[in-house]
Amino acid sequence: MAVEIYDKPFNPWHELQQYQSKHAELLGKYGATAVFVGSMRDFNEDEDVHAMTLEHYPGMTERHLEEICSEANQRWDLIEILVIHRVGDLQPGDPIVLVAVWSAHRAAAFEASRHVMEDLKTRAPFWKKEMLSQGHRWVAKNSPGTTSNNS
Amino acid sequence: MSIKIKLFASLAESLQRREATLDYVDGMTVRSVWAEVSEGAPFPSGVMMAVNMAYCEADATLNDGDEVAYFPPVTGG
């Protein structure tokens with residue numbers, strides 16, 4: 001299990017490849033890898049967003065991300081979890097978050113990756129500030145994690 | 001004998017400070033510390049609070065040396 005906070009841009013696909021290479025002993029143990037990558041949009045709430053700053057609470061953020069991963073580990077039969085989250089200044093298109101879950105079978109990987117992501121959204125202390133054409137605004141709340149068809 | 005206070009995001013901007021230190025007094029709560037650090041600003045609705053990096057309620061009592069944090073709803077991911 002690994003939780004990382006990066007203050008510079010990262011390539012989630014490169015990170016995944018590196019993580020899997022580092023854990024080569026697990027090859028053949030997992031049959032499912034579920035991956036979620038969240039990246040910055042250039043629009044939000046009908047406005048163009050030119051840039052973003054992500055603030056966090058150093059120490060508390062890592063602690064809560066580790067708790068979220070540990071809870072998922074207890075609830076599902078998982079092999080590995082990797083969570084990477086950006087802080088600092090971002091441009092549209094930049095990856096914000098990577099959640100990857102490895103398990104023997106797909107159900108655990110699918111369910112746990114979604115759970116980790118949704119928990120992160122409500123419990124991990126991060127805040128987004130969007131730079132607009134005129135001024136800036138703090139994002140007041142995250143969008144729902146389900147589509148209207150599913151809610 | 002002191003309490004360390006941390007403010008984040010829009011709360012830090014509106015109060016124009018990110019950190020403060022207060023003398024510790026027996027019976028201090030998260031709510032009473034807010035009243036001092038905000039110089040009387042009303043307790044913001046929806047504010048999230050933590051003591052020593054663990055989420056808490058406004059009536060949580062504090063101990064000497066505690067770190068208290070106030071911040072708006074989180075918006076990561």
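Start by selecting helix α2 of chain A, residues 60-75: in this predicted model the helix lies across β1 and β6 of chain A, and its direction runs at about 155° to β6(A).

Keep β1(A) and β6(A) on screen and add their sheet. Four strands make up this open sheet in chain A, in the order β1-β6-β8-β2, with mixed pairing. Colour β1 (2-6) and β2 (32-39) of chain A, and you have the edge strands, each of which pairs on one side only. From one strand to the next, the twist averages 5°.

Zoom in on β1(A) and strand β6 (residues 78-86) of chain A. Five bridges hold this pair in the parallel sense. For a landmark, pick Y6(A), which stands opposite R86(A) in β6(A). Now bring up helix α1, residues 12-22 of chain A, which also packs on the sheet. Helix α1 touches β2, β6 and β8 (95-103) of chain A, and its direction makes about 30° with that of β8(A).

Next, the core. Which residues have the most contacts inside the largest nonpolar core? Select V101(A), V116(A) and V33(B); the core they belong to has 51 residues. β8(A) is the element that gives the most to it, with seven residues. Put V101(A) in the centre of the view. Beyond its neighbours within four places in sequence, V101(A) is in contact with A34(A), L78(A), I81(A), A109(A), A112(A), S113(A) and V116(A).

V33(B) is your way into chain B. Select helix α2 there, residues 30-37, and show the side chains of V30(B), V33(B), W34(B) and V37(B), the buried residues of this helix. Look down the axis of α2(B): these buried residues fall within an arc of 105°, so they line one face of the helix. That fits the usual geometry: an α-helix has 3.6 residues a turn, so residues three or four places apart point the same way. What covers the buried residues of α2(B) includes β1 (2-7), β2 (19-23), β3 (48-51) and β5 (67-71) of chain B.

Two of those strands pair with β1(B), so to speak, one each way, and both are worth a click. β1(B) and β2(B) run antiparallel, joined by five bridges; find I3(B) and its bridge partner L22(B) in β2(B). β1(B) and β5(B) pair in the parallel sense over four bridges, and here L7(B) stands opposite Y70(B) in β5(B).

Now turn to where the chains meet. Here 13 residues of chain B are in contact with 23 residues of chain A. On the chain B side, α1 (9-15) and β5 are the elements that give two or more residues. Colour that side by class and you get nine nonpolar, four polar and no charged residues.

Last stop: some backbone oddities in chain B. Most residues other than glycine have a negative phi. Select Q16(B), in the loop between α1 and β2 of chain B: it is not a glycine, yet its phi is positive, about 55°. Is Q16(B) buried or exposed? With 7 C-beta neighbours inside 10 Å, Q16(B) counts as exposed. Then jump to N52(B), in the loop between β3 and β4 (54-55) of chain B. N52(B) is also not a glycine and has a positive phi of about 50°, but with 15 C-beta neighbours inside 10 Å it counts as partly exposed. Finish at E39(B), which follows α2(B) and has a positive phi near 55°.

Definitions and conventions:
Residues are numbered from 1 along each chain as its sequence is written. Chains are lettered from A and ligands numbered from 1 in the order in which they are written. This is a predicted model: local features need pLDDT of at least 70, side-chain atom pairs count only at pLDDT 80 or more; totals for chains, interfaces and linings use all residues. A residue is buried if 20 or more other C-beta atoms lie within 10 Å of its own, exposed if 12 or fewer, and partly exposed in between; C-beta atoms are placed from the backbone. The arc is that of the directions from the helix axis to the C-beta atoms. Two residues are in contact if their C-beta atoms, placed from the backbone, lie within 7 Å. Two strands pair if DSSP finds at least two bridges between them. Ala, Val, Leu, Ile, Met, Phe, Trp, Tyr, Cys and Pro count as nonpolar, Asp, Glu, Lys and Arg as charged, and the others, Gly among them, as polar. Axes are lines fitted to C-alpha atoms, for helices over the stretch in contact, and angles run from 0 to 180 degrees between N-to-C directions. A nonpolar core is a set of buried Ala, Val, Leu, Ile, Met, Phe, Trp, Tyr and Cys residues joined through C-beta atoms within 7 Å.
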